[in-house]
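Please take a walk through the structure shown below, beginning with one strand and moving outward from there.

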Amino acid sequence: MNGATTTTTAVVLAGGYATRLWLITRHRPKMFLPLGETTVLDRIYAELEGLDRIDEVYVSTNERFAPDFAAHLADGPYDKPRLSVEETTREDEKLGVVGALAQLIDREGIDGDLLVIAGDNLFDFALEEFLDYFDRRDGPVIAAHDVGSRDRATSYGVVDLDGERVVDFQEKPDEPESTLVSIGCYAFPGETLSLFSPYLEAGNDPDEPGWFVQWLREREPTYAYVFDDAWFDIGTRESYLDAVSWYLDGDSQVAGSATVRESTVGDDVHVMADATLVHADVERSVIFPDADLESTSVRDTIVDEGARISGFDLERALIGAHTRIPDDR
């Protein structure tokens, strides 16, 4: 049984850039996408930094992306996080999430309770409450959220519960039985960590954590911490804008170095440093640094850094860095 004074090691999974936001994440991991003055990843770091029971935080990534995360950590104010690099570089060498986690446990010699968080997760429940729930359970715990739509649920691991115990788990089913999904936050007792190796040695799926949870719940009682707070899986233009809208709560944020002349900045807009808006109309959009909009309206749109747009109306668009519209170079 877990005790209230138990220390816990945390792992933040920050592996790669794979996302439908590729146009704006090919130069930065999606975990670094801004949310006001912070980022998706920094919200996780900051909360872990403040938890006394978290004694170590490992940021797990592969060799290809290690410099990005190392630079981010070096520039940040955090003491706990440190990089733990997978021994792979090529895409076809990827260990998968479960494989990478098993390698990290072995590489870092972790043998106590383990908190695992997907780094592209934006959630509003308190990790301390999640860990308190874990303390009350004699087994692994996953965080779960009702997405309210079976169509949405097909993109995630779908959870079936008997009370609070997980009795079934289906990874991305075509016809989900429920709308309750796993959100990529897990707590494992130290004694459970030895099961990663036999799971992988048996030839089970090394990538999707949901398959490990399905396998695990047949061997150990596994529980779900179901929360009603906000949750966003940052992987698409829509989900990122939804997250920004939630964070800004109907307000707008315009950097002090941005230039805004004869323009309208509506609700849920983030205009970043050195961007320029002249005769522009912007609503529910994110304008990255040094972008230039003139005689242009944008709705539900992301404009990446250094883009130049003149005389166009854009809706539900994703404009890559240094794009010119019209392209008159």
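This is a predicted model, and a useful place to enter it is strand S11, where nine of the nine residues are buried, so that S11 is largely enclosed by the rest of the structure. Two strands that pair with S11 help to place it for the reader. Strand S6, residues 113-118, runs antiparallel to S11 and is joined to it by four bridges, and within this pairing Leu115 stands opposite Ala187 of S11. Strand S8, residues 141-146, is likewise antiparallel to S11 and is joined to it by five bridges, with Val141 having Ala187 in S11 as its bridge partner. Ala187 is thus a residue to which both pairings lead, since it faces Leu115 and is also the bridge partner of Val141.

From here the path goes to the nonpolar cores. In soluble globular proteins, nonpolar side chains tend to be buried together. The largest nonpolar core in this model has 40 residues, and those with the most contacts inside it are Leu48, Leu115, Phe125, Phe130 and Cys185. Helix H5, which covers residues 127-136, gives the most to this core, with five residues. Phe125 shows what surrounds one of these residues: leaving aside its neighbours within four places in sequence, Phe125 is in contact with Glu47, Phe130, Ala143, Ile183, Cys185, Tyr225, Phe227 and Asp229. A second core, separate from the largest one, has 28 residues, including Leu13, Ile110, Phe188 and Leu193.

What empty space is enclosed in the structure? Rolling a probe the size of a water molecule over the atoms shows where empty space is left. The structure holds two cavities of 30 Å³ or more, and the largest cavity contains about 60 Å³ of space. Its lining is made up of Leu13, Val97, Val98, Leu101, Val116, Tyr186, Phe188, Phe196, Pro209 and Phe212. By class, these lining residues are ten nonpolar, with no polar and no charged residues. Helix H4 (96-108), strand S11 (180-188) and helix H8 (209-217) each supply at least two residues of the lining, and H4 gives the most, with three residues. Leu13 and Phe188, which belong to the second core, are also among the residues that line the largest cavity.

Another strand, S10, spans residues 165-171 and holds Val167. Val167 is partly exposed, with a relative accessible area of 31%. Leaving aside its neighbours within four places in sequence, Val167 is in contact with Asp160, Leu161, Asp162 and Arg217. The C-alpha atoms of Val167 and Leu41 are separated by 31 Å, and these two residues are 126 residues apart along the chain.

Further along the chain, the reader comes to two open sheets with parallel pairing. One of these sheets has four strands, in the order S16-S19-S22-S25. Strand S16 (264-265) and strand S25 (313-315) stand at its edges, and each has a single partner strand, so one side of each is left without a neighbour in the sheet. Inside this order, strand S19 (residues 281-283) runs parallel to strand S22 (residues 297-299) and is joined to it by three bridges, with Asp281 standing opposite Ser297 in S22.

The other open sheet has five strands, in the order S15-S18-S21-S24-S27. Its edges are formed by strand S15 (259-261) and strand S27 (324-325), each with a single partner strand, so one side of each lacks a neighbour in the sheet. Strand S24, residues 308-310, pairs with S27 in the parallel sense over two bridges, and the bridge partner of Arg308 in S27 is Arg324.

A few details of the backbone complete the picture of this part of the chain. Pro326 is placed in the segment after S27, and the peptide bond from Ile325 to Pro326 is cis, with omega near -5°. Asp268, found in the loop between S16 and strand S17 (269-271), has a phi near 55°, a positive value in a residue other than glycine. Asp268 is buried, with a relative accessible area of 16%. Asp290 lies in the loop between strand S20 (286-287) and strand S21 (292-294), and its phi is near 65°, again a positive value in a residue other than glycine. Asp290, at 38% relative accessibility, counts as partly exposed.

How values were computed:
Residues are numbered from 1 along each chain as its sequence is written. This is a predicted model: local features need pLDDT of at least 70, side-chain atom pairs count only at pLDDT 80 or more; totals for chains, interfaces and linings use all residues. Side-chain values use heavy atoms; hydrogens and water are left out. On a 1 Å grid over the protein atoms alone, a cavity is a set of points where a 1.4 Å probe fits but cannot get out, and a pocket is an open set with protein on both sides within 12 Å along at least five of seven lines; lining residues have an atom within 4 Å of a point. Grid points are joined across faces, edges and corners, and a volume is the space filled by probe spheres set on the points. Ala, Val, Leu, Ile, Met, Phe, Trp, Tyr, Cys and Pro count as nonpolar, Asp, Glu, Lys and Arg as charged, and the others, Gly among them, as polar. A nonpolar core is a set of buried Ala, Val, Leu, Ile, Met, Phe, Trp, Tyr and Cys residues joined through side-chain atoms within 4.5 Å. Buried means under 20% relative accessible area, exposed over 50%, partly exposed in between (1.4 Å probe, protein chains only). Contact means heavy atoms within 4.5 Å. Two strands pair if DSSP finds at least two bridges between them.
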